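Biologist: I would like to learn how to read a protein model with some care. Could we go through one together, feature by feature?

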Amino acid sequence: MKLIFNFCLVVMLLASACGSTDIVPDFEDKVAAEEKEEEAGNEDGSDQGTTVKMPVMGAYKRYSVNVEEISGICLNKDKTALLACGDQGVLKEINPNDMSVKTIWTRDADMEAIALDPRTNDLYIGIEYSQKVYKLAAPDYQKHSSIIYVQEAIDNEYNNSGVEGIAYWKDDLVFVGTQWGANLWVYKLDGTKVSKISLSGFADEIAGLDYDPVGDWLWVVDSNYKKFYICTTAGKLLATYDVSFISNAESICVDRDRNCVWIGSDESSPKIYKFEFQF
Ligand SMILES: [Ca+2]
Ligand SMILES: [Ca+2]
């Protein structure tokens with residue numbers, strides 16, 4: 001009897017060791033699993049999961065910044081400066097100490113989103129209207145190529161409600177978000193679509209995106225609802241921050257080294273808001 005039991009145990013262990021190894025998590029499965037967890041927690045009125053402390057927003061400062069129609073912000077490779085792009089086709093570097101600006105690259109394209117690949121320091125820039133992503137090669141950021149086409153946004157003519165957010169995730173994966181439908185895709189850098197979800201359960205649009213590897217969170221800014229959010233990579237809302245005083249918040253950048261979050265406002269006199277944060 002004991003022998004049979006041991007044999008069964010070995011078989012079970014082997015089966016679990018040989019289980020499927022999904023490299024790319026399936027969004028729908030992950031969302032369903034999270035919903036199940038929630039339901040299970042609610043049944044007996046208690047939350048069995050570990051409570052995660054969410055970041056606390058503090059005071060803010062507002063700066064005028066010379067980046068025309070600022071619409072995307074990320075940190076540079078050594079996190080000493082901000083890189084920002086705007087609708088007028090400008091890529092600029094911003095000194096976070098005095099907000100002085102220098103131009104890096106220009107091109108006639110509606111640049112609405114920016115992310116840096118920490119493995120290569122290449123930049124990915126989301127282009128609205130043509131609904132694609134440029135790769136801008138490090139170190140000098142003067143040579144671009146089109147690497148991703150968001151075909152659904154092209155086919156359904158998202159036009160000016162198209163690609164507005166991009167964030168580097170991991171491996172060769174990026175998140176791409178649109179205003180229309182608050183749609184969020186994962187794409188491989190070779191242009192292959194991996195998955196799609198919508199954040200429309202809480203957001204009106206995705207106007208800007210950042211991925212925060214410390215919390216494994218997505219930070220999303222929504223210029224229509226005038227809020228920004230933290231959600232899981234499966235799209236579960238974790239926190240909401242009100243920024244009703246910002247006229248057109250289209251870019252977001254989490255800066256843990258400076259204990260702040262940067263929000264850019266695309267307006268005729270472009271602004272950057274620096275929010276103190278306790279992470
Ligand atoms: Ca814009
Ligand atoms: Ca737009």
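Biologist: To begin with the inventory, how many helices and strands does the protein have?

Modeller: Please keep in mind that this is a predicted model. The protein has three helices and 20 strands, and 37% of its 279 residues count as buried. Of the contacts with a separation of 6 or more, 45% are between residues 24 or more positions apart.

Biologist: How should I read a sheet, and in which order do the strands of the open sheet stand?

Modeller: One follows the pairing from strand to strand. Here four strands form an open sheet in the order β14-β15-β16-β17, with antiparallel pairing. The edges are taken by β14 (208–212) and β17 (237–242), each of which has a single partner strand, so one side of each is left without a neighbour in the sheet. On average, and with direction ignored, neighbouring strands of this sheet are turned by 20° against each other. For the detail of one pair, β16 (residues 227–232) and β17 run antiparallel and are joined by five bridges, and K227 has D242 in β17 as its bridge partner.

Biologist: Is strand β1 largely in the open or buried, and why?

Modeller: A count of neighbours settles that, since a residue is called buried if 20 or more other C-beta atoms lie within 10 Å of its own. Strand β1 (residues 56–64) has nine residues and the number buried is zero, so the strand lies largely in the open. It nevertheless has a partner, for β1 and strand β20 (residues 271–278) pair in the antiparallel sense over seven bridges, with Y63 opposite I272 in β20.

Biologist: Where is M99 placed, and which residues is M99 in contact with, leaving aside its neighbours within four places in sequence?

Modeller: M99 is in the loop between β4 (90–94) and β5 (101–106). With 16 other C-beta atoms within 10 Å, M99 is partly exposed. Apart from neighbours within four places in sequence, M99 is in contact with Y63, V65 and I94. M99 and V65 are 34 residues apart along the chain, yet their C-alpha atoms are separated by 6.5 Å.

Biologist: Finally, which residues have the most contacts inside the largest nonpolar core?

Modeller: The general idea is that in soluble globular proteins nonpolar side chains tend to be buried together. In this model the largest nonpolar core has 69 residues, and those with the most contacts inside it are I114, I125, I166, V176, V220 and I263. Taking I114 as an example, and leaving aside its neighbours within four places in sequence, its contacts are G72, I73, C74, L83, C85, L123, I125 and I166.

Technical notes. Residues numbered from 1 in each chain as written. Chains lettered and ligands numbered in written order. Predicted model: local features only at pLDDT ≥ 70, side-chain atom pairs only at ≥ 80, totals over all residues. Buried ≥ 20, exposed ≤ 12 C-beta atoms within 10 Å, placed from the backbone. Helix = DSSP H or I, 4+ residues; strand = E, 2+ residues; numbered from the N terminus. Pairing = 2+ DSSP bridges. Axes fitted to C-alpha atoms, helices over the stretch in contact; angles between N-to-C directions. Contact = placed C-beta atoms within 7 Å. Core = buried A, V, L, I, M, F, W, Y, C linked by C-beta atoms within 7 Å.
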